[in-house]
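What follows is a guided reading for someone who has not met this structure before. Please keep the sequence and the model in view while reading.

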Amino acid sequence: MIYHIRHITRLSYSAPIHESVMEVRMQPRAEGNQYFSEFALSITPRVKLTNYLDYLGNAVHHFNIPGQHQQIHLVAESTVDVKPLPLLPQALPMDAWQAVDALAVVGDFWDLLQAGPFTHPTPLLDELAAELGLASRATDPLTTVLHINRSLYAAFQYVPQSTRVDSTIDEAIALRQGVCQDFTHIMIALLRRLGIPCRYV
């Protein structure tokens, strides 16, 4: 399926400012089942753009507006072709854990294994992992991920506004309810404690 995307950002300041230094990450990635055939970024006032790839492989466009201005207008236009995803296998080979463990020692994945403010291991998380049988690795990484996903789906109830944007995983675990970000943070914490690099996308 082909998508045409137009993303507009308008920044207005209450008084003129004298300089802006910005980076934008608006260019779609070409990976897996997604390809982009066109990308254009226009900025007013006119600027000289430089670009590079960040450490995660995202295209970053950098610009500086050294003169006085009171507004910035960005338009990012893309054409993206998304192919259907291949079906997941039932399981991965037995040696797949070795590949995951090899990723864990590569610097690129270091931060995808570290505890964060919302994915910090807690005693309640340990109790949940033990209760649901999620404290150890299954036969392969895919089976482990699917088991954790199904277990959390069965153990928690989706209840809008039951938590806040800054709620900890302990609040959702204690209530056994929450919203998408709570379930994501709990799953990330469980996966990282088993050595599976992951992040919130």
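A residue is called buried when its relative accessible area is under 20%, exposed when that area is over 50%, and partly exposed in between. With these cut-offs in hand, Gln161 counts as exposed, because its relative accessibility is 77%. The model discussed here is a predicted one, and the values given below should be read with that in mind.

We can begin with the overall build of the chain, which has 5 helices and 8 strands. Read from the N terminus, the elements follow the order β-β-β-β-β-β-α-α-α-β-α-β-α. The chain is more spread out than a compact globule, because its radius of gyration is 21 Å, well over the 17 Å that the globule rule gives for 201 residues. Along the principal axes, the C-alpha trace spans about 60 × 35 × 35 Å.

How much of the chain is buried, and what does the chain expose? Of its 201 residues, 33% count as buried, while the exposed surface amounts to about 12800 Å², of which carbon and sulfur atoms supply 58%. The contacts within the chain can be read by their distance in sequence: among those between residues at least 6 apart, 70% join residues that are at least 24 apart.

Two pairs of positions give a sense of distance across the model. Pro121, which lies in the loop between helix 1 (96-104) and helix 2, is partly exposed, with a relative accessible area of 40%. Its C-alpha atom is separated by 41 Å from that of Phe39, and the two residues are 82 apart along the chain. The other pair begins at Tyr55, in the loop between strand 4 and strand 5 (59-65), where a relative accessibility of 55% makes this tyrosine count as exposed. Tyr55 and Leu191 are 136 residues apart along the chain, and their C-alpha atoms are separated by 22 Å.

We turn next to the charged side chains. The chain has 14 positive and 19 negative side chains, and the centres of these two sets lie 7 Å apart. The structure holds 10 salt bridges, and a few of them can be followed residue by residue.

Which parts of the chain does the salt bridge between Asp126 and Arg193 link? The side chains of these two residues meet at 2.8 Å, N to O, and the pair links distant parts of the chain, since Asp126 belongs to helix 2 (residues 123-131) and Arg193 to helix 5 (residues 180-193), 67 residues apart. Both partners fall in the middle class of accessibility: Asp126 is partly exposed with a relative accessible area of 38%, and Arg193 counts as partly exposed at 34%.

Arg164 takes part in a salt bridge with Asp166, in which the closest N and O atoms are 3.1 Å apart, and also in a salt bridge with Glu171, where the closest N and O atoms are 3.3 Å apart. The relative accessible area of Arg164 is 47%, so this arginine is partly exposed. Asp166 counts as partly exposed at 45% relative accessibility, and Glu171 counts as partly exposed at 26%. Elsewhere, salt bridges that share partners join Glu23, Arg25 and Asp54 into one network.

The backbone also holds some details that are worth finding in the model. The peptide bond from Thr44 to Pro45 is cis, with omega near 0°, and Pro45 lies in the loop between strand 3 (34-44) and strand 4 (50-53).

Where in the chain do Gln161 and Arg176, two residues with positive phi, lie? Gln161, the exposed residue with which this reading began, is placed in the loop between strand 7 (157-158) and helix 4 (169-175), and its phi is near 65°, a positive value in a residue other than glycine. Arg176 is placed in the loop between helix 4 and strand 8 (177-178), and its phi, near 55°, is likewise a positive value in a residue other than glycine. Where Gln161 counts as exposed at 77% relative accessibility, Arg176 counts as partly exposed, because its relative accessibility is 26%.

Terms used. Residues numbered from 1 in each chain as written. Predicted model: local features only at pLDDT ≥ 70, side-chain atom pairs only at ≥ 80, totals over all residues. Heavy atoms only, no water. Helix = DSSP H or I, 4+ residues; strand = E, 2+ residues; numbered from the N terminus. Rg over C-alpha atoms; globule rule 2.2 N^0.38 Å. Buried < 20%, exposed > 50% of the residue type's maximum accessible area, 1.4 Å probe, protein only. Contact = heavy atoms within 4.5 Å. Areas by Shrake-Rupley, 256 points an atom, 1.4 Å probe, with all protein chains shown as cover. Lys, Arg positive; Asp, Glu negative; His and termini not counted. Charge placed at Lys NZ, Arg CZ, Asp CG, Glu CD. Salt bridge = Lys/Arg side-chain N within 4 Å of Asp/Glu carboxyl O.
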